[in-house]
Amino acid sequence: MTAYTHRLKLTIPAALYDVACAISRAMDPDSGGADSWGPRNPVDQDGNPTTPDSYTTETPCTEAFHTQALSMLADAAMLHAVVSADYAARWPDITAPTLAECQAFVAGALIVEPPAPELPA
């Protein structure tokens with residue numbers, strides 16, 4: 001049984017939406033990663049499409065994936081290499097994000113770590 005002991009939460013500016021979806025396609029072990037950021041234009045309470053300034057995704061993950069993800073978010077070349085290899089293996093007919101796109105993602109992504117648990121005094 002897989003232990004999802006960590007959480008990873010990221011926020012990106014709206015301009016990185018397409019790149020974030022493309023990168024997330026490779027980060028998700030099944031086929032739903034490209035949908036991780038939600039719809040581009042979600043609807044408000046009245047059913048009207050909105051255009052957010054930013055998008056946020058959060059996922060439970062294993063300790064190993066959490067560590068790997070933080071490393072890739074600190075190194076665009078590593079992120080690009082991992083994403084490109086995954087695309088080559090699973091989606092050879094889809095163009096993987098470029099190194100420049102991965103660099104923009106790394107520069108623009110805000111990692112939101114959950115607060116540390118309070119320790120007893």
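**Exercise 1: the sheet**

Work out how many bridges join strand β1 (residues 6–13) to β3, and in which direction the two run. Then place β2 and a helix around them.

*Solution.*

Step 1. Two bridges link β1 to β3, and these strands run antiparallel. Strands here are DSSP runs of E with at least two residues, helices are runs of H or I with at least four, and both are numbered from the N terminus. Before going on, note that this is a predicted model, where local features need pLDDT of at least 70 and side-chain atom pairs count only at pLDDT 80 or more, while totals for chains, interfaces and linings use all residues. Residues are numbered from 1 along each chain as its sequence is written, and side-chain values use heavy atoms, with hydrogens and water left out.

Step 2. Now turn to β2: eight bridges join it to β1, again antiparallel. Two strands pair if DSSP finds at least two bridges between them.

Step 3. Put the strands in a row and you get an open sheet in the order β2-β1-β3, with antiparallel pairing. At the edges sit β2 (54–61) and β3 (110–111), each pairing on one side only.

Step 4. Add helix α2 (residues 63–74), which packs on the sheet and touches β1, β2 and β3. Its direction makes about 30 degrees with that of β1; the axes are lines fitted to C-alpha atoms, for helices over the stretch in contact, and angles run from 0 to 180 degrees between N-to-C directions.

**Exercise 2: one residue in β1**

Take Thr-11: does it count as buried or exposed?

*Solution.*

Step 1. Locate Thr-11: it lies in strand β1.

Step 2. Its relative accessibility is 16%, so Thr-11 counts as buried. The cut-offs are under 20% relative accessible area for buried, over 50% for exposed, and partly exposed in between (1.4 Å probe, protein chains only).

Step 3. Look for its partner: in β3, Thr-11 is bridged with Leu-110. One step along β1, Ile-12 stands opposite Tyr-55 in β2.

Step 4. List the company Thr-11 keeps, skipping residues up to four places away in sequence: among them are Trp-37, Ser-54, Thr-56, Gly-108 and Val-112. Contact means heavy atoms within 4.5 Å.

Step 5. Check a distance too: Thr-11 and Glu-58 are 47 residues apart in sequence, yet 8.8 Å apart in space, C-alpha to C-alpha.

**Exercise 3: a covered helix**

Find how many residues of α1 (residues 17–27) are buried, and which ones.

*Solution.*

Step 1. Eight of the eleven residues of α1 are buried, which leaves this helix mostly covered.

Step 2. The names are Tyr-17, Val-19, Ala-20, Cys-21, Ala-22, Ile-23, Ser-24 and Ala-26.

Step 3. As for the cover, it includes β1, β2, α3 (76–90) and α4 (99–108).

**Exercise 4: three residues to sort**

Sort His-66, Ala-104 and Thr-95 into buried, partly exposed or exposed.

*Solution.*

Step 1. His-66 belongs to helix α2. With a relative accessible area of 8%, His-66 is buried. Leaving aside neighbours within four places in sequence, His-66 is in contact with His-6, Arg-7, Leu-8, Cys-61 and Glu-113.

Step 2. Ala-104 is found in helix α4. Its relative accessible area is 32%, so Ala-104 is partly exposed. Ala-15 is 89 residues away from Ala-104 in sequence and 9.9 Å away in space, C-alpha to C-alpha.

Step 3. Thr-95 lies in the loop between α3 and α4. At a relative accessible area of 70%, Thr-95 is exposed. Thr-95 and Ser-84 are eleven residues apart in sequence and 8.6 Å apart in space, C-alpha to C-alpha.

**Exercise 5: the whole protein**

Count the helices and strands, then write down their order from the N terminus.

*Solution.*

Step 1. The count is four helices and three strands.

Step 2. Reading from the N terminus, the elements go β-α-β-α-α-α-β.

Step 3. For the overall picture, 31% of the 121 residues count as buried, and the C-alpha atoms fill a box of roughly 55 × 40 × 30 Å along the principal axes.

Step 4. Finally, consider the contacts with a separation of 6 or more: 68% of them involve residues 24 or more positions apart.
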